[in-house]
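Visitor: Please take me through one part of this model slowly, strand by strand and residue by residue. I would like to see how its pieces sit against the rest of the chain.

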Amino acid sequence: MADHRASRGARDASRGVPGAASSTAGKRKAVKHAAPRGPIIKGLPSAPVMLGVAALSLSATGAVSAAADETAAASAPVRFAAPANALSGSTDVGSTQLDDARAEVVSRDSQRDALETATSEKLQDAAEEQAEQRATELAKLARAAQDQAKEIKANQWVLPLDAGTYRISEGFGEGYSWRGYAHTGLDFAAPSGTPIHAVASGTITFAGYAGGCGNMTMQVLDDGTELKYCHQSSIATSVGTRVTAGQIIGYVGTTGHSTGNHLHLEVHPGGGDGVDPYAALVANGVTP
């Protein structure tokens, strides 16, 4: 057995196995060191060399990729990304699309506001035009009303003597005149010299002495009605004069066939037969 081991150690020693001799001599357990392996396939470089080549290849590829990226970035339009949202930490991806959408919304709002403004202006213009037309029509009506009021006033009758200055001494148809006929007018007894007013607007057609009527003024109104003012002490107008209602045309007296100072008033519509002056005055808005 010892001889067998000795011969095995000798073989190992002859093969160049380290520690073979010492193992045999001292009988210690030999420490085996793995011999460096050569390439599996002959003709290929060793692993360290291949790793170096691979590293160089990756470095070169990265440089080429970086250069290509720089070229593409230079040719592409520049877009600035918005900063990260302070709350979510995310960036505004697609900010250009959002800006376009906002611009479209703003544009629609602007168009709507412009349309509403234009419509409002048109309505305001129409309202102002209608207001002007209404004001014009109202002004026309006001002028027409004023003209009518003037005409009414011009044709309005007034009392021949101021209120409180007379009393009715004899009415129409009462008693008999000096000729034996019924009374043809209305008598206003008043002091001598009391002013006599034109009952309505019209033209003087006679101013003078008229027998039993004494000093008389005859007036023809615009509608053809004829008025006679009799027994005046004096006449204050002349033939052809246009007088208005209330204008003084004479003064109370007792000239002609008269029993005292008074105004004898007669009314002849259309210049015909006389009617009751009292009723005519009332019909035209005044009461003796």
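Guide: Gladly. One term first: a residue is called buried when its relative accessible area is under 20%, exposed when that area is over 50%, and partly exposed in between. By that cut-off His197 is buried, because its relative accessible area is 11%. Please keep in mind that this is a predicted model.

Before we zoom in, here is the setting. The chain has five helices and nine strands, and from the N terminus on they follow the order α-α-α-α-β-β-β-β-β-β-β-β-β-α. Of its 288 residues, 21% count as buried. Among contacts between residues at least 6 apart in sequence, 56% link residues at least 24 apart.

A word on confidence, too. The average pLDDT of the chain is 77, and 65% of the residues reach at least 70. Over residues 17-28 the pLDDT stays under 50, and the model has eleven contacts beyond four places in sequence for that stretch. Where pLDDT is low, the predicted coordinates should not be read in detail.

Now to the part I would choose for a close look: strand E5, residues 215-221, where six of the seven residues are buried. E5 pairs with strand E4 (residues 202-209) in the antiparallel sense, through seven bridges. One register point to pick out on your screen is Ala207, whose bridge partner in E5 is Thr217. The hairpin of E4 and E5 has five residues between the strands, and Gly211 there takes a positive phi near 60 degrees.

E5 is also joined to strand E6 (residues 226-235), again antiparallel, by five bridges. Here Met218 has Lys228 of E6 as its bridge partner. The hairpin that E5 and E6 form has four residues between the strands, and Gly224 in its turn shows a positive phi of about 95 degrees.

Stay with E6 for a moment, and look at its backbone. His231, found in this strand, has a phi near 70 degrees, which is positive although the residue is not a glycine. His231 counts as buried because its relative accessible area is 5%.

Tyr229 is a good residue from which to look back at E5. Leaving out residues up to four places away in sequence, Tyr229 touches Asn215, Met216, Thr217 and Gln219, among others. Its contacts also include Ile196, His197, Ala198 and Val199, as well as Ile249, Leu263, His264 and Leu265. Tyr229 has a place in the largest nonpolar core as well: of the 24 residues there, Trp157, Leu161, Phe188 and Tyr229 touch the most other members. Strand E2 (186-189), E6, strand E8 (248-252), strand E9 (262-268) and helix H5 (277-283) each supply at least two residues of this core. E9 gives the largest share, three residues.

Among the contacts of Tyr229 is His197, the residue we began with, which lies in strand E3 (residues 195-197). The side chain of His197 reaches the backbone oxygen of Gly246 at 2.9 Å. Beyond its sequence neighbours, His197 touches Leu159, Pro160, Leu161 and Asp162, then Tyr229, and then Gly246, Gln247, Ile248 and Ile249.

Move on into the loop between E3 and E4 and you will find Ala200. Ala200 counts as buried because its relative accessibility is 2%. Its C-alpha atom is 9.3 Å from that of Val220, a residue 20 places apart from Ala200 along the chain. Not counting residues within four places in sequence, Ala200 is in contact with Gln219 and Leu221, and also with Gln156, Trp157, Val243, Thr244 and Ala245.

One last detail concerns the cysteines. The structure holds zero disulfides. Cys213 is in none, and the nearest cysteine sulfur, that of Cys230, is 3.5 Å away. Why is there no bond between Cys213 and Cys230? The separation of 3.5 Å between their sulfur atoms is too far for a bond, because a disulfide needs the sulfur atoms within 2.5 Å. The surroundings of these cysteines can be compared as well: Cys213 is partly exposed, with a relative accessible area of 23%, whereas Cys230 is buried at 0%.

Terms used
Residues numbered from 1 in each chain as written. Predicted model: local features only at pLDDT ≥ 70, side-chain atom pairs only at ≥ 80, totals over all residues. Heavy atoms only, no water. Buried < 20%, exposed > 50% of the residue type's maximum accessible area, 1.4 Å probe, protein only. Pairing = 2+ DSSP bridges. pLDDT = per-residue confidence, 0-100. Contact = heavy atoms within 4.5 Å. Polar contact = N/O pair within 3.5 Å; in protein donor to acceptor, adjacent residues only side chain to side chain. Core = buried A, V, L, I, M, F, W, Y, C linked by side-chain atoms within 4.5 Å.
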